[in-house]
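Got your viewer open? Let's take a walk through this model, one selection at a time.

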Amino acid sequence: MTSADQVNRLLALVPYLQSHPDAELGSTAAVFGVPPEQLLDDLNVLWYCGLPGGMPGDLIEIDMETVAESGRIRLTNAEYLSRPMRFTPDEAMSLVVALRAMRELAGGHQGEGIDTALAKLEQASGADAPRPQVSVAGGSEEIRSRLTDAIADGELVDLDYLGAGLDPSTPRVAPLRLITREGFGYLQAWSLERSAWRTYRLDRIDAVRRTGEPAGEVGEPPEFGPGWLEQRPDAAEVTLRLKPTAAWITEYHPIRAVRRQASAIEVDLLVADPAWLRSLLLRLGREVLAVRPPEAAAGAAESAAEALAAYGAG
Amino acid sequence: MNLAICLLMARRFIEKSQIRQVVEGYHDLSDAAFERTFERDKDELRAMGVPVETGSNNPLFPDEVGYRIRRKDFELPAIEFTSAETAALGLAASVWESATQAEQAVTALAKLRAAGVDPDPGRLAGLAPSIGAREPAFASIWSATIDRATIRFSYRGQPRRVQPWAMTYRRGNWYLLGHDVDKQAPRMFKVSRVDAAADRVGRVGGYRVPDLDLEAAWASLEPRRPDTEAVLAIRAGRAPDLRRRGRPVDAKQDVPAGYEPFAVSYARAADMVGEICAHGADVLVLAPQHLRKSVITELTATAGRAS
């Protein structure tokens, strides 16, 4: 009994094993994204497959003893299945979306390679269905291209950066990689001033200057996953009570919990950077009904008072 | 699997009775069991995208139904990739956060490897994009879009019937563009607002996706073009985002000491007010007057929240 997934895999496995003679069991399993035991099961199924008639000479031949002894797979007598099947629509769409997501982060020659690969794939899959589109806030292609070049060359760079608290800075960093989270592109880098891993939103990087200095070995940063803020020991929880019209913030900011009521919504935020909360409260203005703890609102109130004074003087 | 090989090898349509005789695993079955197994296997092949054709070899007896798979419809066409392209392909397997879609991408890459292409995951240094699909309705809408099957779902509590046309991923969110059957008009849906997995109510391939200008449809998701201009006073060295969007001007108004005047255009006054307020005392509105008043109103509310 073979499932549809297995048949789909077998139809690709037969040409793969013919174009990769003596392929290794473990690496072949990795190519197909299955555990080695599953691949062994696949080979046992294939052993019973072949041309109509079912005579010994009609069957696909696999030397199962060699597989057992050396982990090498030799498959013969299947010349009629030397090319893989077309992509299923789901495979084609999944691959195209992945490449389009890459395109949004790439710059320069990397981007060109992705563009032409996409064009060839779309032609090969031949489906005329509208392709899903992908768009990420990844800043300018030139900034990305400079960053990936510096990463490839292992070089320190100086950034012109506008932080979440809207404070401009010029950090010197060892760039590691470009990543996407929640629809934004980020640079993951080691900050020399802070001696810590930092993420920089790509659309807030104004300029990248090469320094000519080697970045050295920087190791691996902690996981930048959905819970990355939780790992910051200095993050504090703040609850905002907002008018319902401010519900958009739940889609643009990391939120711990949302409670919707008839005339208001309450959101719990983790705040690692007081400057970020200050600019968020200033932006929300009259849409903020209450802040808990109340002292969390002090920074924004001071800043607003300073601005009002400037208007009075102007 | 044997059925696929048998049909693929056939130059002509093969009748069901012939298939039963030659395909390993079929000839020992009872009549009823053969019928069931054959129909199931055939449907499975078709669901996988294997083009199983039906037809007759004899134009005089067109009802005599046989089956075949045409090689050129079945095989992946030969594609040559440059080294920059194989580097891009190599990374594609790691982009999806959703296990289901990641598997699909892995199988697609395995097919390319089987065809002699060598996607190389190590070569695109410094790129690690990822794309999520955490919405509860994502999988059901994705597959209905592929299958062109009408679906029914609850959209923020409202029942909707939709023929899915295409999906897009914008700023961390999936959207569905489709034909709203009840409203008889195209509509855009945010997948995260679909309350649970969508139900299929139509058959596979149940409608045609019209020739539409997808770019234009998606453009409706983008912010409006800025068409109004404000004159702002920006503190030296601050608010590079607004400086970049604007241009330095000679202001008619008095500019406070330590500030520089910039003209910055915007689309929606409410958004612009929020953006200016976020900068606190670093950005002041010089004109127009109504924008200045709105900003002062919001700042007054925030200043009053001192503890």
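**First stop: a serine**

Select Ser145(A): this residue is partly exposed, with 17 other C-beta atoms within 10 Å. Here a residue counts as buried if 20 or more other C-beta atoms lie within 10 Å of its own, exposed if 12 or fewer, and partly exposed in between, with C-beta atoms placed from the backbone. Before going on, know that this is a predicted model, where local features need pLDDT of at least 70 and side-chain atom pairs count only at pLDDT 80 or more, while totals for chains, interfaces and linings use all residues. Residues are numbered from 1 along each chain as its sequence is written, and chains are lettered from A and ligands numbered from 1 in the order in which they are written.

Ser145(A) sits in helix H7 (residues 141-153) of chain A. Helices (H or I, at least four residues) and strands (E, at least two) are DSSP runs, numbered from the N terminus. Now add Gly107(A) and Gly108(A) to your selection: Ser145(A) touches both, not counting residues up to four places away in sequence. Being in contact means that the C-beta atoms of two residues, placed from the backbone, lie within 7 Å. Gln110(A) is worth a click too: 35 residues separate Gln110(A) from Ser145(A) in sequence, but their C-alpha atoms are 8.3 Å apart.

**Zoom out: the domains**

Colour chain A by domain: domain 1 (4-81), domain 2 (89-125), domain 3 (141-214) and domain 4 (228-313). These bounds come from an automatic or database domain assignment. Taken over C-alpha atoms, the centres of domain 1 and domain 4 of chain A are 59 Å apart. Do the same for chain B, with domain 1 (2-74), domain 2 (86-132), domain 3 (138-219) and domain 4 (228-303). There, 34 Å lie between the C-alpha centres of domain 1 and domain 2 of chain B.

**Where the chains meet**

How many residues does each chain bring to the contact? Chain A gives 98 residues and chain B gives 89 residues. On the side of chain A that touches chain B, you'll find 60 nonpolar, 22 polar and 16 charged residues. In this count, Ala, Val, Leu, Ile, Met, Phe, Trp, Tyr, Cys and Pro are nonpolar, Asp, Glu, Lys and Arg are charged, and the others, Gly among them, are polar.

Next, pick Ala98(A), which is in contact with Ala92(B), Val95(B), Trp96(B), Ala105(B) and Ile131(B), leaving aside neighbours within four places in sequence. The largest nonpolar core has 167 residues, and Ala98(A), Met102(A), Ala92(B) and Leu232(B) have the most contacts inside it. Helix H5 (residues 89-103) of chain A gives the most to this core, with nine residues. A nonpolar core is a set of buried Ala, Val, Leu, Ile, Met, Phe, Trp, Tyr and Cys residues joined through C-beta atoms within 7 Å.

**Strands across the border**

Show strand E5 (residues 133-135) of chain A with strand E6 (residues 158-170) of chain B: they pair in the parallel sense over three bridges. Two strands pair if DSSP finds at least two bridges between them. Gln133(A) has Thr168(B) as its bridge partner, and Val134(A) has Tyr169(B).

Stay with E6(B). Strand E5 (residues 151-155) of chain B pairs with E6(B) in the antiparallel sense over five bridges, and Ile151(B) stands opposite Val162(B). These two strands form a hairpin with two residues between them, and Arg156(B) in the turn has a positive phi of about 45°. Strand E7 (residues 173-180) of chain B also pairs with E6(B), antiparallel over eight bridges. Look there for Ala166(B) with its bridge partner Leu177(B).

**Last stop: a sheet and a helix**

Which order do the strands take in the three-stranded open sheet of chain B? The order is E1-E3-E2, with antiparallel pairing. Strand E1 (14-15) and strand E2 (52-55) of chain B stand at the edges with a single partner strand each, so one side of each is left without a neighbour in the sheet. E2(B) joins strand E3 (residues 66-69) of chain B by four antiparallel bridges, and Thr54(B) stands opposite Tyr67(B).

To finish, select helix H9 (residues 274-284) of chain A, where eight of 11 residues are buried. Among them are Leu277(A), Arg278(A) and Leu284(A). Right after H9(A) comes Gly285(A), with a positive phi near 50°.
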